[in-house]
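Colleague: I'm new to reading protein models, and I'd like to learn how to go through one. Could we take it feature by feature?

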Amino acid sequence: MRKKSFFQKAAAVPHIMWVIMFIAAPMLFVLYFALTDAEGKFSFSNIAELSKYGNVFILSIAFALIATVICLLIGYPLAYFMSRQSERAQKILMVLVMLPMWCNLLIRTYALMALLDNGGLLNSLLVKLGLDKVSIVGTNFGVILGMVYDFLPYMVLPIFTSMTKLDKRYIEASHDLGCNNWQTMTKVIMPLTVSGVISGITMVFVPSISTFYISQKLGAGKIDLVGDTIERLFQNTSTYGVGAAMSLIMMILILISVGIMNRFSDDEDKTVKRGGIR
Amino acid sequence: MKILSKFYIAIIFVLLYLPIAVLIIFSFNESGSLSEFSGFSTMWYKELFEDEEAFTSLMNSLILAVSSAVIATVIGTFGALGLHRMRSRYIKGAVNSITNIPMMNPDIVTGVSMMLLFVAVANLIRSQSFFGFGTMLVAHVTFSIPYVMLSVMPRFKQLDKSLSEAAQDLGCTPAKAFFKVELPEIIPGIISGLMLGFTMSLDDFVISHFVSSPDFQTLPLYVYNQTAHNVKFSMYALSSLIVAVILVILIAVNFAGGKKRREVAKK
């Protein structure tokens with residue numbers, strides 16, 4: 001083995017320095033602010049303070065879960081149907097899924113709000129048809145709708161990718177062996193696209209639970225989620241500690257749920273592989 | 001079943017694009033109303049183009065995106081090289097896990113964590129105007145690095161080690177061997193990392209929101225401030241323009257890709 005040169009050893013040094021200074025150190029600052037009081041002494045007072053925000057946490061988790069489930073229920077069939085189209089159509093549909101992802105979230109949310117607002121197009125059309133106005137902006141439903149609308153493409157894309165990677169011969173084999181369409185779906189296609197589903201769930205759940213722009217716009221400022229609360233707490237120097245504690249708890253919550261899901265997906269892969277050998 | 005599935009796809013895409021279509025149509029509405037289209041007008045576009053702040057924010061966004069993408073790509077590429085060569089698995093694993101933190105964390109946590117660091121540094125050096133281009137640049141480089149690593153690392157793993165060793169046997173210094181032999185192999189990964197970093201930076205709002213100052217505004221921050229309290233129709237115009245630009249780029253990229261594939265197929 002050749003002796004490593006100075007060049008090779010030094011190549012990673014700027015990178016390591018950078019991630020220590022600007023990724024690891026900021027995380028330690030969050031920890032420090034969360035676990036100290038105003039005088040800089042170790043204390044759990046900030047964490048204890050969070051009990052005031054219990055319902056904010058519950059609401060955020062519930063909203064993010066509902067939005068994720070709806071995205072999965074809409075997105076999985078969509079990705080499946082997309083993958084059954086001709087190659088040319090698939091390419092066009094893929095661009096159509098990606099276009100909203102490339103548009104800034106602010107623009108998408110703002111566009112949805114403009115459509116659904118009390119003085120928006122939807123309500124003026126309803127009035128013209130002689131129907132009652134619906135108020136969506138400023139309700140729980142509005143916020144969840146905003147999450148679904150904004151993050152649906154993030155659910156569709158990974159599932160669609162794993163659908164296209166799926167070996168079509170498995171589906172043929174399952175039909176040959178006497179499975180009907182539904183059995184093929186539940187016994188072959190679904191287990192083989194679990195990894196896409198898992199990354200889709202992560203990509204919808206994490207931004208949903210931490211959003212503040214969607215709840216500001218489609219909740220019309222009436223609905224407070226974890227993101228809104230953190231954003232507000234960090235506008236004032238005296239509440240940095242509570243804000244940091246809240247960020248820390250949210251981070252831990254997300255790490256745990258992502259960890260559980262990844263384990264779940266590993267197990268699934270293993271069972272599929274085992275089934276394959278048998 | 002076939003028709004049903006086409007119908008389903010159509011419905012979802014119509015719903016997905018309806019708000020954006022309405023936004024674009026009403027950006028040409030002459031009365032400042034969202035409920036009724038009273039006549040075609042480009043006045044909101046005119047108002048937008050006369051808005052110097054919008055233009056400055058666009059320039060800021062572009063400058064920041066280019067510089068942060070370049071810096072992140074350089075740091076990330078050399079980082080990937082060094083980590084790829086590193087023998088200690090523990091250091092490698094630790095550095096990789098730290099690097100991926102911004103990718104796993106919600107943006108708001110990355111944003112507040114960097115803000116706390118910058119606040120601490122600003123207090124330390126007693127600076128009143130610490131936040132601005134510098135803090136934005138550091139933040140954007142930081143959240144871009146994981147994406148650069150993600151696109152460059154696989155290229156390093158595919159590299160044939162013996163090629164670099166052969167170059168060194170033939171008299172290249174390790175640095176020269178890297179630039180002459182390995183760099184050309186990993187260029188596609190570097191370019192996709194660069195593009196990813198560029199688009200991530202242009203698109204970012206949440207992290208920027210926490211580390212910016214009013215003196216240095218990017219386009220998303222400008223949109224946020226403008227839409228904070230009231231409906232502004234020039235923002236509809238701006239959003240429509242952004243959507244149009246993205247559409248053109250996406251079609252161009254896909255069209256060029258299709259052409260290339262056809263050429264390859266011909267060969």
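Modeller: Let's go from the make-up of one chain to the contact between chains, and then to a few helices.

Colleague: Is what I'm looking at an experiment or a prediction?

Modeller: This is a predicted model, so keep that in mind as we go.

Colleague: Okay, where do I start? Which helices and strands does chain B have?

Modeller: Start by listing the elements. Chain B has eleven helices and zero strands. Read from the N terminus, its elements run α-α-α-α-α-α-α-α-α-α-α.

Colleague: And how do I read the overall form of chain B?

Modeller: Try its radius of gyration, set beside that of a compact globule. For 267 residues such a globule would come out near 18 Å, but chain B has 23 Å. You can also look at the box: the C-alpha atoms of chain B fill roughly 75 × 65 × 35 Å along the principal axes.

Colleague: How much of chain B is buried?

Modeller: Buried residues make up 40% of the 267 residues in chain B. Contacts tell you something too: of those in chain B with a separation of 6 or more, 74% link residues 24 or more positions apart.

Colleague: Now the place where the chains touch. How do people describe that?

Modeller: The size of an interface is often given as the accessible area lost when the parts come together. Here, let's count residues instead. The contact takes 66 residues from chain A and 62 residues from chain B. On the chain B side, helix α1 (residues 2-26) gives the most, with eleven residues. That side of chain B divides into 44 nonpolar, 13 polar and five charged residues.

Colleague: What about two helices packed together?

Modeller: Two packed helices are described by the angle between their axes and the distance between the axes. Take α9 (residues 168-176) and α10 (residues 181-192) of chain A: they pack at about 160 degrees, with axes 10 Å apart. α9(A) and α10(A) are therefore roughly antiparallel to each other. Their crossing is right-handed. On α9(A), the contact is made by Tyr170(A), Ile171(A), Ser174(A) and His175(A), and on α10(A) by Thr184(A), Lys187(A), Val188(A), Ile189(A) and Leu192(A). Sorted by kind, the residues of this contact are five nonpolar, three polar and one charged.

Colleague: One last helix. How many residues of α13(A) are buried?

Modeller: Helix α13 of chain A (residues 226-233) is mostly covered, with seven of its eight residues buried. Among the buried ones in α13(A) are Val226(A), Asp228(A), Ile230(A) and Leu233(A).

Key. Residues numbered from 1 in each chain as written. Chains lettered and ligands numbered in written order. Predicted model: local features only at pLDDT ≥ 70, side-chain atom pairs only at ≥ 80, totals over all residues. Contact = placed C-beta atoms within 7 Å. Helix = DSSP H or I, 4+ residues; strand = E, 2+ residues; numbered from the N terminus. Nonpolar A, V, L, I, M, F, W, Y, C, P; charged D, E, K, R; others polar. Rg over C-alpha atoms; globule rule 2.2 N^0.38 Å. Buried ≥ 20, exposed ≤ 12 C-beta atoms within 10 Å, placed from the backbone. Axes fitted to C-alpha atoms, helices over the stretch in contact; angles between N-to-C directions. Parallel < 35°, antiparallel > 145°, perpendicular 65-115°, else oblique. Left-handed = near helix turned anticlockwise from the far one by under 90°.
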